[in-house]
Amino acid sequence: MDAILITGASAGIGEAFARQLAAEGHNLVLAARRVERLRELAETLEASFRIQVVSLRCDLTEEKAAATLAAELDQQGIRVSGLINNAGFGDRGRFQDLSLERQLNMIQLNVTALVDLTWRLVPQLTRARRAFIINVASTAAFQAGPNMAIYYATKAFVLSFSEALHEELRGQGVSVSALCPGATASEFAREANMTDTLLFKAGTMDAATVVRKALAGRHRAIVIPGFRNALMVWLGKLSPRLVTRRIAARLQA
Ligand SMILES: NC(=O)c1ccc[n+]([C@@H]2O[C@H](COP(=O)([O-])OP(=O)(O)OC[C@H]3O[C@@H](n4cnc5c(N)ncnc54)[C@H](OP(=O)(O)O)[C@@H]3O)[C@@H](O)[C@H]2O)c1
């Protein structure tokens, strides 16, 4: 069967992608570590729409996880026609104070697994009709982020990589989009130790709205959901980098 693969579909933005793509009538493959949650979601979606949903447990911080996931899809005869590289996490704190292992895991998940999966799946995506890749970056991608140095750097990578791939695959029928949400209500803030930051106290978008905008703009190279987020990015581009990184530091002090 043809299906759209969503990483990190057990919560937040990934789960919202699953719900909205199911409503569009797509078969889905949901991947994350909490497979019971995926199975529950899959049951609900299969009961509500005429689609098939496969749940796969995987920890994408494991070195071979992307290869194993791609092999599993192959074995089950699943052709990927859309890829949502969404799984990711952040961690707030000074670089030197945070665990090295956790920061390396963040690079593995937010960057390496995303690249690995994309490289393995592009050949089948180029054979599918109206295929797309959405890589979840962040408004954090546009400036350096003191007190979250590695997270911001991973998202800058995702944005740059996605824009380049957008151009490379344009002629081959695959749209590539970098989704750049700002603060969004999900499990992210708690996981990243950010619930008491100015950034999250200033208000969040809901995941369903972020995903609606992402899917509506899936053929655009960069999607920044929400006027306030787009304005912040635009103002950031007009400002010296010294200013934007100092503001970022204040927002997550
Ligand atoms: N929320 C925000 O404010 C915000 C803003 C900008 C960008 N983003 C980005 O949006 C994406 C989704 O985040 P979210 O806000 O929806 O956060 P979330 O609610 O914490 O969801 C994160 C998802 O990633 C999965 N995940 C985490 N570690 C994983 C691992 N090792 N292997 C496989 N899956 C893993 C989680 O599933 P399991 O725990 O079940 O594995 C979960 O489904 C992330 O890339 C994040 O950086 C979020």
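1. A polar contact here is a pair of N or O atoms within 3.5 Å. The model is predicted. With that cut-off in mind, start at alanine 11. One of its polar backbone atoms sits 3.4 Å from an oxygen atom of the ligand.

2. Two further residues reach ligand oxygen. Phenylalanine 188 does so through a backbone N or O atom, at 3.4 Å. Arginine 34 uses its side chain: a polar atom there lies 2.8 Å from an oxygen atom of the ligand. On its own the ligand exposes 870 Å², and the protein buries 96% of that.

3. Which elements give two or more residues to the shell around the ligand? They are α1 (12–23) and α5 (149–169).

4. The ligand has 30 residues around it. Ser10, Ile13, Arg33, Tyr151 and Ser186 come nearest. By class, the shell holds 15 nonpolar residues, ten polar ones and five charged ones.

5. Now turn to arginine 218. Its place is the loop between α8 (207–216) and β9 (222–223). Is this arginine 218 buried or exposed? Arginine 218 has a relative accessible area of 13%. Buried means under 20%, so arginine 218 counts as buried.

6. What does arginine 218 touch, leaving out residues up to four places away in sequence? The list is Leu21, Glu24, His26, Phe132, Ile134, Ser175 and Ser177. The side chain of arginine 218 also has a polar atom 2.9 Å from the backbone oxygen of leucine 215.

Key:
Residues numbered from 1 in each chain as written. Predicted model: local features only at pLDDT ≥ 70, side-chain atom pairs only at ≥ 80, totals over all residues. Heavy atoms only, no water. Near = heavy atom within 4 Å. Polar contact = N/O pair within 3.5 Å; in protein donor to acceptor, adjacent residues only side chain to side chain. Areas by Shrake-Rupley, 256 points an atom, 1.4 Å probe, with all protein chains shown as cover. Helix = DSSP H or I, 4+ residues; strand = E, 2+ residues; numbered from the N terminus. Nonpolar A, V, L, I, M, F, W, Y, C, P; charged D, E, K, R; others polar. Buried < 20%, exposed > 50% of the residue type's maximum accessible area, 1.4 Å probe, protein only. Contact = heavy atoms within 4.5 Å.
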